Amino acid sequence: MRDRHYQNVNLEVRVSNVKAIALYQKFGFKNVAVRKRYYSNGEDAYLMIKELEG
């Protein structure tokens, strides 16, 4: 990804998926927003971003 000059990686994860959230945080992702009713069942999602270094 760095070769293509990407500055960050984004993902969405269900707010109820505690294990996935913990894993993503372990790898440096931060919660930056909530996407209301993101999933078809009405569940919200966290937008998580990891900033890439130089």
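I take contact to mean heavy atoms within 4.5 Å.

**Entry 1: basis.** I note that this is a predicted model, in which local features need pLDDT of at least 70 and side-chain atom pairs count only at pLDDT 80 or more, while totals for chains, interfaces and linings use all residues. Residues are numbered from 1 along each chain as its sequence is written, and side-chain values use heavy atoms, with hydrogens and water left out.

**Entry 2: G28.** I looked up the contacts of G28 beyond its neighbours within four places in sequence and found I49 and K50. The C-alpha atoms of G28 and I49 lie 8.3 Å apart, with their positions 21 residues apart in sequence. I placed G28 in the loop between α1 (18-26) and β2 (30-35); helices (H or I, at least four residues) and strands (E, at least two) are DSSP runs, numbered from the N terminus. Is G28 buried or exposed? I record G28 as partly exposed because its relative accessible area is 29%; buried means under 20%, exposed over 50%, and partly exposed in between (1.4 Å probe, protein chains only).

**Entry 3: V32.** I found V32 in strand β2. Not counting residues up to four places away in sequence, V32 touches L47 and I49. V32 and L47 are 15 residues apart in sequence, and their C-alpha atoms are 5.8 Å apart. V32 counts as partly exposed because its relative accessible area is 47%.

**Entry 4: aromatic rings.** I searched the whole structure and obtained two aromatic pairs. One of them is the edge-to-face pair of Y38 and Y39, at 5.0 Å centre to centre and 85 degrees between the planes. For such pairs, rings of Phe, Tyr and Trp (its six-membered ring) must have centres within 6.5 Å; planes under 30 degrees apart count as stacked, over 60 as edge-to-face and the rest as tilted. Y38 is partly exposed, because its relative accessibility is 40%. I also found the charged end of R14 over the ring of Y39, 3.8 Å from its centre; this requires NZ of Lys or CZ of Arg within 6 Å of the ring centre and within 35 degrees of the ring normal.

**Entry 5: the chain.** I counted one helix and three strands, in the order β-α-β-β from the N terminus. The C-alpha trace spans about 40 × 20 × 15 Å along its principal axes. Of the 54 residues, 24% count as buried. Among contacts between residues at least 6 apart in sequence, 51% join residues at least 24 apart.
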